[in-house]
Amino acid sequence: MDYEFRTDVTGQVFASFSMGHEAVGHWLNEEVKNDLALLDEVEQAIKHVQGSERQWQKIGHEYTLWLDGEEVIVRANQMDLEGDEMEEGMFYYDEESLSLCGVEDFLSVLQAYRRFLAER
């Protein structure tokens with residue numbers, strides 16, 4: 001999983017991720033937005049579920065984070081739309097709306113994000 005953090009002209013941190021992991025970047029951009037308390041909550045949840053059969057999820061405004069002891073899933077909430085709610089001929093590009101990765105890789109991303117915030 002390749003990613004890059006940068007700061008835009010307003011000082012907001014922007015994360016971009018490689019194909020297949022775009023939703024992780026969108027989650028950081030839309031839900032986290034420099035919120036270290038949310039990162040603390042997610043890291044504590046990971047510690048709680050690692051090595052167990054437990055699961056945890058955090059439903060945000062735009063994206064939901066789901067995790068268990070081995071895997072992290074970031075999914076756009078818009079993917080819940082079904083049937084008649086979508087205009088005919090329209091579809092959502094799932095590759096940007098759904099990302100899966102291992103817990104260790106996700107923790108590495110969160111640590112890199114924290115480092116980037118601290119160095120700004």
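**View 1. Trp27 and Phe106, two buried aromatic residues, and the ring pairs of the chain.** Trp27 is buried, and Phe106 is buried as well (buried means under 20% relative accessible area, exposed over 50% and partly exposed in between, with a 1.4 Å probe and protein chains only). In this predicted model, local features need pLDDT of at least 70 and side-chain atom pairs count only at pLDDT 80 or more, whereas totals for chains, interfaces and linings use all residues. Residues are numbered from 1 along each chain as its sequence is written, and side-chain values use heavy atoms, with hydrogens and water left out. The count of aromatic pairs comes to six, where rings of Phe, Tyr and Trp (its six-membered ring) pair if their centres lie within 6.5 Å, and planes under 30 degrees apart count as stacked, over 60 as edge-to-face and the rest as tilted. In one of these pairs, the ring centres of Phe5 and Phe116 lie 5.9 Å apart with the planes at 45 degrees, so this pair is tilted. Phe5 belongs to strand S1 (residues 3–7) and Phe116 to helix H4 (residues 103–119), so that a separation of 111 residues is bridged and distant parts of the chain are linked (helices, H or I with at least four residues, and strands, E with at least two, are DSSP runs numbered from the N terminus). Phe5 has a relative accessible area of 12% and is therefore buried, whereas Phe116, at 21% relative accessibility, counts as partly exposed. The rings of Trp27 and Phe106 are likewise tilted, because their centres are 5.7 Å apart and their planes stand at 50 degrees. Since Trp27 lies in helix H1 (residues 22–32) and Phe106 in helix H4, this pair ties together parts of the chain that are 79 residues apart in sequence.

**View 2. The aromatic cluster that includes Phe5 and Phe116.** Ring pairs join Tyr3, Phe5, Phe17, Tyr113 and Phe116 into a cluster. Of these members, Phe5 is the buried residue at 12% described above, and Phe116 the partly exposed residue at 21%.

**View 3. The open antiparallel sheet with helices H1 and H4.** Four strands, in the order S3-S4-S5-S6, form an open sheet with antiparallel pairing (two strands pair if DSSP finds at least two bridges between them). Strand S3 (55–59) and strand S6 (98–102) stand at the edges with a single partner strand each, and therefore one side of each has no neighbour in the sheet. From one strand to the next, the twist averages 15 degrees (axes are lines fitted to C-alpha atoms, for helices over the stretch in contact, and angles run from 0 to 180 degrees between N-to-C directions). S3 and strand S4 (residues 63–68) run antiparallel and are joined by five bridges, and Trp66 in S4 is the bridge partner of Gln57. Helix H1 packs on the sheet, where it touches S4, strand S5 (71–76) and S6, and its direction makes about 120 degrees with that of S4 (contact means heavy atoms within 4.5 Å). Helix H4 lies across S4, S5 and S6 and runs at about 100 degrees to S6.

**View 4. Asn77 in the loop after strand S5.** Asn77 is placed in the loop between S5 and helix H3 (94–97), and at 18% relative accessibility it counts as buried. The side chain of Asn77 makes a polar contact of 2.6 Å with that of Thr64 (a pair of N or O atoms within 3.5 Å; within protein, one must be able to donate a hydrogen and the other to accept it, and residues adjacent in sequence count only if both atoms are side-chain atoms). When residues up to four places away in sequence are not counted, Asn77 touches Ile59, Gly60, His61, Glu62, Tyr63 and Thr64.

**View 5. Salt bridges involving helix H2, among them a network around Arg114.** The count of salt bridges comes to four (a side-chain nitrogen of Lys or Arg within 4 Å of a carboxyl oxygen of Asp or Glu). Asp40 and Arg114 form one of them, with their closest N and O atoms 2.4 Å apart, and this pair links distant parts of the chain, Asp40 in helix H2 (residues 36–49) and Arg114 in helix H4 being 74 residues apart. Both residues count as partly exposed, Asp40 at 39% relative accessibility and Arg114 at 22%. Arg114 also forms a salt bridge with Glu43, the closest N and O atoms being 3.0 Å apart; here Arg114 in helix H4 and Glu43 in helix H2 are separated by 71 residues. Glu43 is buried, with a relative accessible area of 16%, and Asp40, Glu43 and Arg114 are linked in a network of salt bridges.

**View 6. The salt bridge between Lys58 and Glu41.** The closest N and O atoms of Lys58 and Glu41 are 3.3 Å apart in this salt bridge, which joins strand S3, where Lys58 lies, to helix H2, where Glu41 lies, across 17 residues. Lys58 counts as partly exposed at 29% relative accessibility, and Glu41 counts as partly exposed at 34%.
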